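Visitor: I have a model open and would like to learn how to read its features. Could you walk me through it, please?

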Amino acid sequence: MHLNDSQLLAPSDIEMSHILGCDECENKFDNRVNIQNKLNLVLAENSHKFEQVSWLKFNSELGKKNSNNVSYINMQSKKESREMKKRYLFVAIAASLFIVFGLQINNRSSQRNVLNNEQVIANLIKENQRLVSELNVLEGKENNRHENKFLLEMELTHIDIELQKLYLDSGNDDDKIKLWKHRQEVIKRLMATNDHSHVIRI
Amino acid sequence: MRENTGFTVVFDEDVIQSAICGDHASFEKIYNQYYRSSLSLAFRITGNAALAQDITQESFFNIFKNIQKYKGEGSFSGWVRRIICNQSITLLTKNSKMLTDQDDLIFNLESKDLFETDWCDAKIDLVKVMKILSQESRAVLVLHEVEGFTHKEIGKLFNKSESFSKSVLSRAYVLLKDSFVAIDYLNINKSIQEKS
């Protein structure tokens, strides 16, 4: 039985000995370590250049914080906390129950939406790949000129650039889905022109 | 290759004891030694420079206020590091939606295709791609993969279960992989179009 992704991410001693004795898992584990190393390297190289806050400045902030008696613990002293608890106990219980139930429903549906979006995007990528492959198969058949062809190719290039930008700028899933669908439409329209002398290949 | 964070520097027992007794000269030594490393750590976890500065400042207030709570179990730098991590997670989770334990179950931990290839193409900017991750996912990824925390320790930091950490880490990797695959696919198309 080969190890799953989660086990490869944090193998136990027993799982580690399996890795050492199994070529398939060892290969996957090597890939996992390579990716981890790149992550380490990149995060070390990209450290932000911070200005050092001098000790004098920090110490004066620390002094202010203490003398003004606004420290976190002081603000939440036990006495105040007890009084607040008594005063707002019933209101808080009612409000908490309302919020907890409300948030649970909201949270579950939003998490499911995220997972659904990921599935939708993965399917759209596959569909795009399938269409481009079909387009390539059609290449070499009829070669009739279509006045829209150039514009469609331009549109496809534009969508690809936008998609790439979205992924690099961590755009939202809705925009990605919209663009992948749009890309799919453009490929279909390109296929309909039956002219793919400059068609993309994967 | 890992950045020398400065947490590897060990203070004499005298400095720690003097600091516990409230000696400001010892506070200064500790501050000067660990401040920059703490900032880098908070920045790696959050990916946000302004937040990292707030976290570090608040953490050092807490360190000096609670220094008598350090009982010498484990290294002092490890204690400081843990406070920075705790403060980072506290601030991150303060205003953001968290996955519930029940949501952990939604993610499939049994998948086996995440590491079939080394998909992390060096030509693609990993730091930019990491922006796709939520702050919680980034924090779990950095704590586990870069800072060496176990799933159990991360679960504790988030006040969640061990499976929460496993699930978030796997999900973070899946998102990174999908983004790399998509960008790679688009790059190939672009270069073919340019050639033709």
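**Reading the model together**

Guide: Let's begin with one cysteine: B:Cys21 has a relative accessible area of 69%, so it is exposed (over 50% relative accessible area, where under 20% is buried and anything in between is partly exposed, with a 1.4 Å probe and protein chains only). Before we go on, this is a predicted model, in which local features need pLDDT of at least 70 and side-chain atom pairs count only at pLDDT 80 or more, while totals for chains, interfaces and linings use all residues. Residues are numbered from 1 along each chain as its sequence is written, chains are lettered from A and ligands numbered from 1 in the order in which they are written, and side-chain values use heavy atoms, leaving out hydrogens and water.

Visitor: Is B:Cys120 buried or exposed?

Guide: B:Cys120 counts as buried, because its relative accessibility is 3%.

Visitor: How many disulfides are there over all chains?

Guide: A disulfide is a pair of cysteine sulfur atoms within 2.5 Å. By this rule the count over all chains is 0.

Visitor: How do I read the secondary structure of each chain?

Guide: Helices are DSSP runs of H or I with at least four residues, strands are runs of E with at least two, and both are numbered from the N terminus. Chain A has 8 helices and 0 strands, and chain B has 9 helices and 0 strands. Along the sequence, chain B reads α-α-α-α-α-α-α-α-α.

Visitor: What percentage of each chain is buried?

Guide: For chain A, buried residues make up 34% of its 202 residues. For chain B, 52% of the 196 residues count as buried.

Visitor: And how do I read contacts along the sequence?

Guide: A contact means heavy atoms within 4.5 Å. Take the contacts in chain B between residues at least 6 apart in sequence: 73% of them join residues at least 24 apart. In chain A, residues 24 or more positions apart account for 65% of the contacts with a separation of 6 or more.

Visitor: How do I describe two helices that pack against each other?

Guide: Two packed helices are described by the angle between their axes and the distance between the axes. Axes here are lines fitted to C-alpha atoms, for helices over the stretch in contact, and angles run from 0 to 180 degrees between N-to-C directions. Helix 3 (residues 23–45) of chain A and helix 7 (residues 135–146) of chain B pack at about 105°, with their axes 10 Å apart. These two helices are therefore roughly perpendicular (65 to 115 degrees; under 35 is roughly parallel, over 145 roughly antiparallel and the rest oblique).

Visitor: Which residues meet there?

Guide: From helix 3 of chain A come A:Arg32, A:Gln36, A:Leu39, A:Asn40 and A:Leu43; from helix 7 of chain B come B:Arg138, B:Leu141, B:Val142, B:His144, B:Glu145 and B:Val146. By class, this contact has 5 nonpolar residues, 3 polar and 3 charged. Here Ala, Val, Leu, Ile, Met, Phe, Trp, Tyr, Cys and Pro count as nonpolar, Asp, Glu, Lys and Arg as charged, and the others, Gly among them, as polar.

Visitor: What span should helix 7 of chain B have?

Guide: The expected span of a helix is 1.5 Å times one less than its number of residues. With 12 residues, helix 7 of chain B should span 16 Å, and its end C-alpha atoms are 15 Å apart, which agrees.

Visitor: Why is helix 7 of chain B called largely enclosed?

Guide: Because 11 of its 12 residues are buried, helix 7 of chain B is largely enclosed by the rest of the structure. Among the buried residues are B:Val140, B:Leu143 and B:His144.

Visitor: What does B:Ile154 touch?

Guide: B:Ile154 is in helix 8 of chain B, and at 0% relative accessibility B:Ile154 counts as buried. Not counting residues up to four places away in sequence, B:Ile154 touches B:Val140, B:Leu143, B:His144, B:Phe149 and B:Ser165. B:Ile154 and B:Leu143 are 11 residues apart in sequence, with 7.3 Å between their C-alpha atoms.

Visitor: How should I read phi?

Guide: Most residues other than glycine have a negative phi. B:Asn159 has a positive phi near 60°; this residue sits in the loop between helix 8 (151–157) and helix 9 (162–195) of chain B. With a relative accessible area of 71%, B:Asn159 is exposed. B:Gly148, which follows helix 7 of chain B, also has a positive phi, near 80°.
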